[in-house]
Amino acid sequence: MTAEANPGWSGQLWAGIEAIYDAILAHPFLTGLTDGTLAPEAFAHYVAQDVHYLRDYAKALSLVSAKAPSLAATAMFARHSAEVYDVELALHRELLPALGLDPAGLDAVPVAPTTRAYTSYLIATAYQGSFAEGLAAVLPCYWIYARVGAQLLDRGSPDPRYALWIGSYGGDEFAATVAEVLELTDRVGGGLSPRERDTAAEHFVTTSRYEWMFWDASYRLESWPVG
């Protein structure tokens, strides 16, 4: 399997977010990455918020790992949680100085409203829900990024900072990671009742919407409306 839409349960999940994915690709944040018109301060806002996001995403993956139905699945999500630090935050350590941001000062950057809402939803779903619900909630961050990365990689970017970010998500290594999760998704989906699939699909749609909102929040330089 690839990071493209698949048969089985994952294909059914993706069919429910086609319109959301189209809106993501059309968002000026992403089109601005490839044509170089995105304001650097919007990208800096995104990267700073992504550091906050990934810290909590790693926690959500750990919760999903703890509920996994097999030792192999437990190990996979535990590995992915660790790789958030090893791979994702390593990219940020390279990007942050290029954007004029101090990696040591990120704790002082407020967590924006959309970031707080998204990560709170992820952790609550992974903690309170079933394994399938947690899996469906964390899946869009894997799958949408892989598909967006592949799309943007074909277009490239005149800005080396944006090109670095695109390359990290558009490459074969990340696509292979996503394919591994999609294979598990289809195996799990085959054993779920219609009601369980519907409940999990609601989480998948919700966090896919949050993916659009996350990019939009950075494009708007979102901050809290009251002090």
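This passage describes the fold of a predicted protein chain and one of its helices. In this model, local features need pLDDT of at least 70 and side-chain atom pairs count only at pLDDT 80 or more, whereas totals for chains, interfaces and linings use all residues. Residues are numbered from 1 along each chain as its sequence is written, and side-chain values use heavy atoms, with hydrogens and water left out.

The chain holds 10 helices and zero strands, where helices (H or I, at least four residues) and strands (E, at least two) are DSSP runs numbered from the N terminus. Its C-alpha atoms fill a box of roughly 50 × 35 × 30 Å along the principal axes. Of the 227 residues, 52% are buried, a term that denotes under 20% relative accessible area, with exposed meaning over 50% and partly exposed in between (1.4 Å probe, protein chains only). Among contacts (heavy atoms within 4.5 Å) between residues at least 6 apart in sequence, 85% join residues at least 24 apart.

Helix α4 comprises 28 residues (residues 40-67), and because the expected span at 1.5 Å a residue is 40 Å, the 40 Å between its end C-alpha atoms agrees with that expectation, which is calculated as 1.5 Å times one less than the number of residues. Since 20 of these 28 residues are buried, α4 is largely enclosed by the rest of the structure. Aspartate 56 lies in this helix and, at 17% relative accessibility, counts as buried. When its neighbours within four places in sequence are left aside, aspartate 56 is in contact with Thr119 and Ile123.
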